[in-house]
Amino acid sequence: TQPPMPRQLKRTTVYSLSEELNVSVATVSKALRGSPEISVELRQKVKSLAAKKNFKPRTVGRRVPNIC
């Protein structure tokens, strides 16, 4: 018999970070961008967890601004 196939690792997302920190997705997004709207303490928490979880933003997932 063959050993079981390894499970695919779940990608860390802003959604999973927000759930773990009990904050909104918008808060995580702003913290990762360094927004002054987010306290320095919370920004550090978000960035620390993102680094620990090896978070890499998906550039494809970003919205493209509507240019008219």
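A polar contact is a pair of N or O atoms within 3.5 Å; within protein, one atom must be able to donate a hydrogen and the other to accept it. This definition will be needed at the last stop of the tour. The structure on the screen is a predicted model.

**The whole chain**

Begin by displaying the entire protein as a cartoon. Three helices and zero strands are present, and from the N terminus the order of elements is α-α-α. Of the 68 residues, 21% count as buried. Next, switch on the surface: the protein exposes about 6,300 Å², and carbon and sulfur atoms supply 53% of that area. Among contacts with a separation of 6 or more, 35% are accounted for by residues 24 or more positions apart.

**The nonpolar core**

Select Val-14, Leu-17, Val-28, Ala-31, Ile-38, Val-46, Leu-49, Ala-50 and Phe-55, and show their side chains. These nine residues form the largest nonpolar core of the protein. Each of α1, α2 and α3 supplies at least two residues of this core, and α3 gives the most, with three. Now centre the view on Val-46. Not counting residues up to four places away in sequence, Val-46 touches Leu-21, Val-28, Ala-31 and Leu-32.

**Helix α1**

Select α1, residues 14-21. Which residues of α1 are buried? They are Val-14, Leu-17 and Ser-18. These residues cover an arc of only 100 degrees around the axis, and therefore they lie on the same side of α1. A general rule is useful here: an α-helix has 3.6 residues a turn, so residues three or four places apart point the same way. The cover over the buried residues of α1 includes α2 and α3. Rotate the view to the face turned away from the buried side, where the exposed residues Tyr-15 and Glu-19 are found. Just after α1, select Asn-22, which takes a positive phi of about 60 degrees.

**The loop between α2 and α3**

Move on to Ser-35, in the loop between α2 (25-33) and α3 (40-52). Is Ser-35 buried or exposed? Ser-35 counts as buried because its relative accessible area is 10%, and the cut-off for buried is under 20%. A polar atom of the Ser-35 side chain lies 3.1 Å from the backbone nitrogen of Glu-37. Leaving aside neighbours within four places in sequence, Ser-35 is in contact with Lys-30 and Arg-43.

**Thr-12 and Lys-53**

Select Thr-12, in the segment before α1. This residue is buried, with a relative accessible area of 15%. With neighbours within four places in sequence left aside, Thr-12 is in contact with Leu-17, Lys-53 and Phe-55. Two of these partners, Leu-17 and Phe-55, were already selected as members of the core.

Finally, add Lys-53, which lies in the segment after α3. The backbone oxygen of Lys-53 is 3.1 Å from a polar atom of the Thr-12 side chain. Lys-53 counts as partly exposed because its relative accessibility is 35%. Apart from neighbours within four places in sequence, Lys-53 is in contact with Thr-12, Leu-17 and Glu-20. What joins the side chains of Lys-53 and Glu-20? A polar contact of 3.2 Å joins them. To end the tour, draw a distance between the C-alpha atoms of Lys-53 and Ser-16: these residues are 37 residues apart along the chain, and the two atoms are separated by 10.0 Å.

Note on methods. Residues are numbered from 1 along each chain as its sequence is written. This is a predicted model: local features need pLDDT of at least 70, side-chain atom pairs count only at pLDDT 80 or more; totals for chains, interfaces and linings use all residues. Side-chain values use heavy atoms; hydrogens and water are left out. Helices (H or I, at least four residues) and strands (E, at least two) are DSSP runs, numbered from the N terminus. Buried means under 20% relative accessible area, exposed over 50%, partly exposed in between (1.4 Å probe, protein chains only). Contact means heavy atoms within 4.5 Å. Accessible areas come from the Shrake-Rupley method with a 1.4 Å probe; for residues, only the protein chains shown count as cover. A nonpolar core is a set of buried Ala, Val, Leu, Ile, Met, Phe, Trp, Tyr and Cys residues joined through side-chain atoms within 4.5 Å. The arc is that of the directions from the helix axis to the C-beta atoms.
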